[in-house]
Amino acid sequence: MRGDTRSYAAARKERAADIDRWLTDLVRTAVGTPYGPNGGTTRNDERGALSGVALVAVGSLGRSELAPGSDLDLVLLHDGREDVARVADRIWYPIWDSGTGLDHSVRTVDEAAKVAREDLKAVLGLIQARHVAGDPELTRSAREIVLAEWRADSRRRLGELRDAADKRAEASGELAFLLEPDLKDSRGGIRDVQAMQAVAAAWVASAPGPRVREAYELLLDIRHGLHLVTARGADRLVLQEQDAVAGMLGLLDAEALMRRLAEAARTIGHSFDATWRTVDRLLTGPTPRGRRPLADGVVEHGGEVVLARGVNPRKDPVLVLRAAAAAAEAGLPLAPATVTALASQSPPLPVPWPDEARDALVALLGAGRAAVPVWEELDQAGILVRLLPDWERVRHRPQRNPVHRYTVDRHLIEAAAGAASFTREVSRPDLLLISALLHDIGKGYPGDHSTTGAVVARDIGARMGLPPADVDILETVVRHHLLLPETATRRDLDDPVTISRVAEAVGSREVLELLAALAVADGHATGPAAWNSWKASLVADLVRRVRSALSGTPLRPAPSLSVEQASLARHGGGAVRVNGGAVTVVAPDRAGLLWRAAGVLAAHRMVVRAASAASAGTTAVIEFSVVPEYGSPPDPATLEADLRLVLAGRLDIEQRLARRTRSMRPARVPVAPPRVNLVDDASNTATVIEVRAHDRPGLLWRIGRAFGECGLDVRAARVETLGAEAVDVFYVVDRAGRPLTDEVQRAQVRDQVLAALR
């Protein structure tokens, strides 16, 4: 795991030793240790002066893991001596004067034990306390009492420790999958290893093994490098520091750093889960010890999935998948010894796979959410990369995009687990699950991941033993897995070219239903910004239209206006409806309507997450999905009033937006420059312009105003915000209602929009 990264462990230990020597001198000075005529002391003199007081290091100093920006955590133990306050001041004040952060306390042994009984942080520090200076008997006595009580009361205290870990994870997220993780408090982080060490100190489970210790050292190294880069005691690894920290550790770039970090965090998280399964057995009592058959050669025993007696993994290459499927279907973990045996003894699967192996894989994926922890077990044991060698290319690969909540490999198994909900809605549930597992496999290779992924998926499908026709379907689904959501959100579904091109790419209703189910599973597995009710309705509408085109039946035209929109249109001059985050504008169609309405929303601190604009005869309908930029949303009545004013031409919004722009802070991190593309062949009746840019207030207004300055009218639009990135598509025509054909004019439009975005 460590490769060529540079460990700072030696530097941490050396710093701890230097601080120990400094603290020892402070303690000797504080208690007034007598010196001999030559500047020295006798052993008896020193013992006498230091009797009854001990300085104890807890926290990172106690573990000799002190990073450059870490504070000192110290406990001054004493036996009740009257001058302890004076001694304490003579130790603490020099530390404060040096500018070093200090967390300190002064206790008798009994007081320390009492605090440890009541305070989880205190007991975790004291069970790993290290004697620094003074009377070692005091330190030994305190540690022995605290440890004995920790073990005696382990049933209650470990429950308390588990609750604290759960709260940390809920507040800080999962380290392996965060863009800007907290190295200490996130799940799979530094504190989780320390929690496992505390469990081991209670004699309930084994101490973390060598893989976890190696992962832990990497986290400490990363934190060490972060402190050097930031010159302060930071625990959050923010985006702008990641390249510099990678360089400190001898890694190529931030992506390499985050991939190694994800691997370490998942190793820790996996061991953490196993530790708590052991703890749970203690807290809940013994599990019935009978053996219940689950599959050929696989049984349940003691709440875990194990191999049946007499089964030899060396003679059955399918056993590993059969055991994994049985565990997922039963909702039980694979026993650690079973995973070890399968990893070390299972022979390679023959190529192509036998039908039984493929069926077991489909059964595993079809278990849904229960498949995820079992898949993680196989991954941690190195089994997955032997079954699917291409998995190594996406394993722990970060997706440095706020839209994605997981690394590539975890996203794939999450998508497959989500796809299991749709297996009864498609004619080929097996191909749905396999395509969900492989749809982003191309992200491990250069180039467009859909194109490269289709090639890789074809090869994997053949190795799995799929018939040639099924391999063709798998390749098509992986190649076009983004077709439906991208088309639905970026193209005009009323344009016949849109439907005909999708139908041509899909080719069959069977592929269409697979793509429709995969779109939902993929969106949910990506994150909340990637899938919402607005996108779901657009995809469903697109699927309905394409299905009709594939079957050759004419599509029943949708009503030009909904009942609510028709009601609003009867207002005549323009009407607005604000319903929570949904804003509907219905008005006589005219140039500039979209961007003027968007300007009003921006002036009221409303961020446009999605928008669609279309014309129904002489009436324009614009649907916005909005959220407040911060705080509470504006008063709907005020928002409606300003929208009506702008529709009537009685409100100039430009000045308001200019004030907002001047007050905005620049982006915290560098962002990619905007892109403006004119998409050819997407429509026969309009020019399709796709704009990609970093989202900011008034973005849609700026783009629309640029179109107006070019003499263009927006006939239809699809606006989507993915995290901090806007992907906006506009169908524009000139004043005569025609698409743009002159290359000079097309270039001018592109330049004008780019200028508006800078």
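## A small sheet, an enclosed helix and some aromatic contacts

In E7, Leu-307 is the bridge partner of Val-298. That pairing is a good way into this predicted model, so to speak, and the strands around it come next.

### The sheet and its helix

Strand E6, residues 298-301, pairs with E7 through 4 bridges in the antiparallel sense. Together, 3 strands make an open sheet ordered E5-E6-E7, with antiparallel pairing. Strand E5 (291-295) and strand E7 (304-307) are the edge strands, each pairing on one side only. From one strand to the next, the twist averages 40°. Strands of a sheet pair through backbone hydrogen bonds, in either a parallel or an antiparallel way.

What lies across E5, E6 and E7? Helix H13 (residues 319-330) does, running at about 115° to E5.

### Helix H19

Let us move on to helix H19, which covers residues 408-419. H19 has 12 residues, and from its first C-alpha to its last it reaches 16 Å, close to the 16 Å expected at 1.5 Å a residue. Is H19 largely enclosed or exposed? Because 11 of its 12 residues are buried, H19 is largely enclosed by the rest of the structure. Among the buried residues are the charged-type names Asp-409, Arg-410 and Glu-414, along with Val-408, His-411, Leu-412 and Ile-413. Ala-415, Ala-416, Ala-417 and Ala-419 are buried as well.

Which helices do the buried residues of H19 pack against? They pack against helix H12 (254-284), helix H15 (355-366), helix H16 (371-380), helix H18 (391-394), helix H20 (429-438) and helix H25 (509-526).

### Aromatic pairs

A search of the whole structure finds 6 aromatic pairs. Two of them are set out here.

| Pair | Geometry | Centre to centre | Between the planes |
|---|---|---|---|
| Phe-272 and Trp-276 | edge-to-face | 6.0 Å | 70° |
| Trp-375 and Trp-391 | edge-to-face | 5.5 Å | 70° |

Phe-272 and Trp-276 are separated by about one helical turn, because they are 4 residues apart in helix H12. Both Phe-272 and Trp-276 are buried. The pair of Trp-375 and Trp-391 links distant parts of the chain: Trp-375 is in helix H16 and Trp-391 is in helix H18, 16 residues apart. Trp-375 and Trp-391 are both buried too.

### Charges over rings

Where does the charged end of Arg-151 sit? The charged end of Arg-151 sits over the ring of Trp-203, 3.7 Å from the ring centre. Likewise, Arg-393 places its charged end over the ring of Tyr-445, at 4.1 Å from the centre.

Note on methods:
Residues numbered from 1 in each chain as written. Predicted model: local features only at pLDDT ≥ 70, side-chain atom pairs only at ≥ 80, totals over all residues. Heavy atoms only, no water. Pairing = 2+ DSSP bridges. Helix = DSSP H or I, 4+ residues; strand = E, 2+ residues; numbered from the N terminus. Axes fitted to C-alpha atoms, helices over the stretch in contact; angles between N-to-C directions. Contact = heavy atoms within 4.5 Å. Expected span 1.5 Å × (residues − 1). Buried < 20%, exposed > 50% of the residue type's maximum accessible area, 1.4 Å probe, protein only. Phe/Tyr/Trp six-rings, centres within 6.5 Å; stacked < 30°, edge-to-face > 60°. Lys NZ or Arg CZ within 6 Å of the ring centre and 35° of its normal.
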